[in-house]
Amino acid sequence: MEKFKLVPIGQVHKDSETFLEIYSEFAEAIEGLKEGDWIKLILWFHESDTPEKRRTLKVHPRGDPENPLRGVFATRSPVRPNPVAIYSVRILKITGAKIYIEEIDAFDGTPIIDIKPLVKRLDCPEGIESQKDSGDNP
């Protein structure tokens, strides 16, 4: 399989507030986003990016051995062949190249791969029930 390269556009910062620092060369891409907008935030879980973790195909959800093993594609585990994380988050405020959001479970310094607007008809199909408790972190 051919490999490809992803370029981080910024990183997550977690202090007293959680914000997305967009690198200066990508700052113009923020134009059009505003407070209150919902976005799809796509991250690279760099701390789960090891050859061993990439080979892990089954996990105990939430890391609890009492939970039966599941394939990683049926979970939200950060341990997977490509440690990509996707969040739906609301923008609280934008200051320059910083996008403030509610707290997420990513680590401080997690690379941002992309940001896309959340589009209800594409991202929230009617009649689809979410999988309850099936995909939480291990």
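Visitor: Which residue in S7 does leucine 20 stand opposite?

Guide: The structure is a predicted model. In it, leucine 20 stands opposite isoleucine 99 in S7. That pairing belongs to strands S2 (residues 18-22) and S7 (residues 98-101), which run in the antiparallel sense and are joined over four bridges.

Visitor: How should I think about side chains along such a strand?

Guide: Side chains in a regular strand alternate between the two faces of the sheet.

Visitor: Which other strand pairs with S7, and in what sense?

Guide: Strand S6 (residues 84-95) pairs with S7, in the antiparallel sense and over four bridges. One of the bridges puts threonine 95 with lysine 98 in S7. The hairpin of S6 and S7 has two residues between the strands, and glycine 96 there takes a positive phi near 60°.

Visitor: What sign does phi have in most residues other than glycine?

Guide: For most residues other than glycine, phi is negative. Arginine 62 is not a glycine, yet its phi is positive, about 60°. Arginine 62 sits in the loop between strand S4 (58-59) and strand S5 (70-71). With a relative accessible area of 43%, arginine 62 is partly exposed.

Visitor: How many aromatic pairs are there?

Guide: Rings pair when their centres lie within 6.5 Å, and by this rule the count is one. Phenylalanine 19 and tyrosine 100 have ring centres 5.2 Å apart and planes at 40°, so the pair is tilted. The two rings come from distant parts of the chain: phenylalanine 19 is in strand S2 and tyrosine 100 is in strand S7, 81 residues apart.

Visitor: Are phenylalanine 19 and tyrosine 100 buried or exposed?

Guide: Phenylalanine 19 and tyrosine 100 are both buried. In addition, lysine 93 lies over the face of tyrosine 100, at 4.6 Å from the ring centre.

Visitor: Where does threonine 18 lie, and what is it in contact with?

Guide: Threonine 18 lies in strand S2. Buried means under 20% relative accessible area, so threonine 18, at 7%, counts as buried. Setting aside neighbours within four places in sequence, threonine 18 is in contact with several residues, among them Val12, His13, Ile99, Tyr100 and Ile101. A C-alpha separation gives another kind of reading: threonine 18 and tyrosine 87, 69 residues apart along the chain, have C-alpha atoms separated by 13 Å.

Visitor: Is serine 48, in the loop between strand S3 and helix H1, buried or exposed?

Guide: Serine 48 is in the loop between strand S3 (38-44) and helix H1 (51-55). At 8% relative accessibility, serine 48 counts as buried. Apart from neighbours within four places in sequence, the contacts of serine 48 are Lys53, Pro78, Val79 and Pro83.

Visitor: What does asparagine 82, in the loop between S5 and S6, touch?

Guide: Asparagine 82 lies in that loop, between S5 and S6. Not counting residues up to four places away in sequence, asparagine 82 touches Trp44 and Arg54. With arginine 54 there is also a polar contact of 3.3 Å between the side chains. The C-alpha atoms of asparagine 82 and arginine 55, which are 27 residues apart along the chain, are separated by 9.6 Å.

Visitor: How does the accessibility of asparagine 82 read?

Guide: Asparagine 82 has 42% relative accessibility and therefore counts as partly exposed.

How values were computed
Residues numbered from 1 in each chain as written. Predicted model: local features only at pLDDT ≥ 70, side-chain atom pairs only at ≥ 80, totals over all residues. Heavy atoms only, no water. Pairing = 2+ DSSP bridges. Buried < 20%, exposed > 50% of the residue type's maximum accessible area, 1.4 Å probe, protein only. Contact = heavy atoms within 4.5 Å. Polar contact = N/O pair within 3.5 Å; in protein donor to acceptor, adjacent residues only side chain to side chain. Phe/Tyr/Trp six-rings, centres within 6.5 Å; stacked < 30°, edge-to-face > 60°. Lys NZ or Arg CZ within 6 Å of the ring centre and 35° of its normal.
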